[in-house]
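Got the viewer open? Set it to cartoon, keep the selection box handy, and we'll walk through the model one stop at a time.

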Amino acid sequence: MIIFDAYKKMLIIQVIAAVTAFLGVLIDNIVVSRFLGTTCMAALGFAQPAIIVLASIGLILCVGTQGLAGKMLGNGDIEGVNVVVSIDLFLSFVLGVIIAF
């Protein structure tokens, strides 16, 4: 029962996060089309898949790190948690620099 209760709590949080992300994209599209015009709206529509891919990569890194860190914390491996988080931060920084240039 404990796992089911935890799953229900996480499910609610994930649904709220998905709805919030969708509303963010929707509001971006409305603002761009309303104030910047159709050309900018077309550019945003063209760039949106790339933005979603980049956000997905960040989400994968975040969820993976949380899972590994949680498992290691449960095993009492604080040093392992530090290593996993350090690797994630370094990888995020390197990917950010690569994408920026």
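What follows is a tour of a predicted model, helix by helix, with a stop at a pocket on the way.

**Stop 1: α1.** Select residues 2–35, which make up α1. Put a distance between the end C-alpha atoms and you should get 49 Å. At 1.5 Å a residue, the 34 residues of this helix should span 50 Å, so the two values agree. Now step past the end of α1 to G37: its phi is positive, near 105 degrees.

**Stop 2: α2 from end to end.** Next, select residues 38–74, helix α2. With 37 residues at 1.5 Å each, α2 should span 54 Å, and its end C-alpha atoms are 52 Å apart, which agrees. Don't expect a ruler-straight axis, though: zoom in on A47, where α2 has a kink of about 40 degrees. The proline P49 comes shortly after that kink. Beyond the helix, click on G76, another stop with a positive phi, this one near 80 degrees.

**Stop 3: the buried side of α2.** Show side chains for L44, Q48, L61, T65 and A69, which are the buried residues to look at in α2. What do the buried residues of α2 pack against? Bring back α1 (2–35) and add α3 (78–100), and you have both partners on screen.

Stay with Q48 for a moment, still in helix α2. Is Q48 buried or exposed? Its relative accessible area is 14%, and the cut-off for buried is under 20%, so Q48 counts as buried. Setting aside residues up to four places away in sequence, Q48 touches V25 and N29, so select those two along with it.

**Stop 4: the largest pocket.** Select A17, A18, A21, F22 and A55, which lie nearest the centre of the largest pocket. The lining has 16 residues in total, and the elements giving two or more residues to it are α1 and α2. The volume of this pocket is about 400 Å³. Colour the lining by residue type and you'll find 12 nonpolar residues, three polar and one charged.

**Stop 5: M72.** Head back to helix α2 and pick M72. M72 has a relative accessible area of 22%; buried means under 20% and exposed over 50%, so M72 is partly exposed. Leaving out neighbours within four places in sequence, M72 is in contact with D77, G80, V81 and V84. For a long look across the model, draw a C-alpha to C-alpha line from M72 to I13: they are 59 residues apart in sequence and 23 Å apart in space.

**Stop 6: α3.** Now select α3, residues 78–100. Its 23 residues reach 33 Å from first C-alpha to last, close to the 33 Å expected at 1.5 Å a residue. Light up G80, V81, V84 and D88, which are buried in this helix. Which helix do the buried residues of α3 pack against? Turn on α2 again: that is the partner.

Last click: V84, in helix α3. At 12% relative accessibility, V84 counts as buried. Ignoring neighbours within four places in sequence, V84 is in contact with T65, L68 and M72, and T65 is one of the buried residues from the α2 stop. To finish, draw a line from V84 to G74: these two are 10 residues apart along the chain, with 14 Å between their C-alpha atoms.

Notes
Residues numbered from 1 in each chain as written. Predicted model: local features only at pLDDT ≥ 70, side-chain atom pairs only at ≥ 80, totals over all residues. Heavy atoms only, no water. Helix = DSSP H or I, 4+ residues; strand = E, 2+ residues; numbered from the N terminus. Expected span 1.5 Å × (residues − 1). Bend = angle between axes of the 7 residues up to and from the residue. Buried < 20%, exposed > 50% of the residue type's maximum accessible area, 1.4 Å probe, protein only. Contact = heavy atoms within 4.5 Å. 1 Å grid on protein atoms, 1.4 Å probe; cavity = no way out; pocket = protein on both sides within 12 Å on 5 of 7 lines; lining within 4 Å. Points joined across faces, edges and corners; volume = space filled by probe spheres on them. Nonpolar A, V, L, I, M, F, W, Y, C, P; charged D, E, K, R; others polar.
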